[in-house]
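Reader: Could you take me through the salt bridges here, and where the paired residues sit?

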Amino acid sequence: MLQNIEFGEISAEVEVEINPKLITCGFYDYQNIINRILNEHHFLILGNKGTGKSIIGEHFRLSSGKQHDDSYLFCKTINLAQFPYKSFNKIISGISEPETKFPTTWKWLLFIYIIRSFDEDKGIKSNCEADFHNAVDTFKRIGVIPAELNKIAILASKKNFKLKLPYFEATLEEEKNLGSELHYLHIVDYLEKTIIPISSPNKHLLIIDGLDDILSSRDIQYQSLAALISESQQINRLLRENNVPFKIIILCRKDLYKRLPGTNKNKITGTFSITPMS
């Protein structure tokens, strides 16, 4: 009788390949994690290795395009295992410290994914529809949509990559100072004002995994990930306050999280994290 019971594979990656149905139909949500992620303020899945963080992310990914309650779920995933941190550091030029330019860089990259996800949702409404379609068309024209994060970071780090305002444009021509922090702040402000009027009957998630796979202890990686988590919390708050149905979810190992710099880690842990119990 026991031989007929499917206990699952050794990791989420193997299970997705061999028996993906078990991740969706056999997922036992004993901590009410799915509801807490979809309907509450939690966004950081924080646990030790082997506690099922990636299974949670895969459950959402495999549920993408399916109806959940009265809405459809749109879910995209980002894996940072091979993320080009050196290129990420070059996106905003100048001598600014990582603590000031990394949050802006992450906000720009995350806003691209938010716009990309809503572009696939035929149910969205917005009183800034022209700006939204302008941003979508611009990102598609330059190849940022539908490129994956690694490619976007490498592309944006090149000297001939530039974004122009007013009326949002992007080209691959040489021009001075268009990679500066101030310029990117204007871009981020434009995209934020384009996103916050969006409404939809559906729900959108961005799952960020692979933080566990840092291969070195370089400060730039830790500073980048700390900025990612902090900025994700701020973006989620902005979207929640404006009833924009999008949420960023981050899967992170506990011991890595402890090594990250930052003064707000305890506040984020106490208020916004969920710890899966193995």
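Author: Sure, starting with the term itself: a salt bridge here is a side-chain nitrogen of Lys or Arg within 4 Å of a carboxyl oxygen of Asp or Glu. Keep in mind that this is a predicted model, where local features need pLDDT of at least 70, side-chain atom pairs count only at pLDDT 80 or more, and totals for chains, interfaces and linings use all residues. Residues are numbered from 1 along each chain as its sequence is written, and side-chain values use heavy atoms, with hydrogens and water left out.

The structure has 8 salt bridges. One of them pairs R116 with E148, whose closest N and O atoms are 3.4 Å apart. R116 belongs to helix 6 (residues 98-119), while E148 is in the loop between helix 7 (129-142) and helix 8 (149-156), so the pair ties together parts 32 residues apart in sequence. Helices, by the way, are DSSP runs of H or I with at least four residues, numbered from the N terminus. R116 is buried at 10% relative accessible area, but E148 is partly exposed at 43%; buried means under 20%, exposed over 50%, and partly exposed in between, using a 1.4 Å probe and protein chains only.

Next, D119 and K140 meet at 3.0 Å, N to O. With D119 in helix 6 and K140 in helix 7, this pair ties together parts 21 residues apart in sequence. K140 is partly exposed, at 43% relative accessibility.

Finally, R253, D255 and R259 are linked in a salt-bridge network. Within it, D255 and R259 have their closest N and O atoms 3.9 Å apart. They sit 4 residues apart in helix 11 (residues 254-259), so about one helical turn separates them.

Conventions:
Helices (H or I, at least four residues) and strands (E, at least two) are DSSP runs, numbered from the N terminus.
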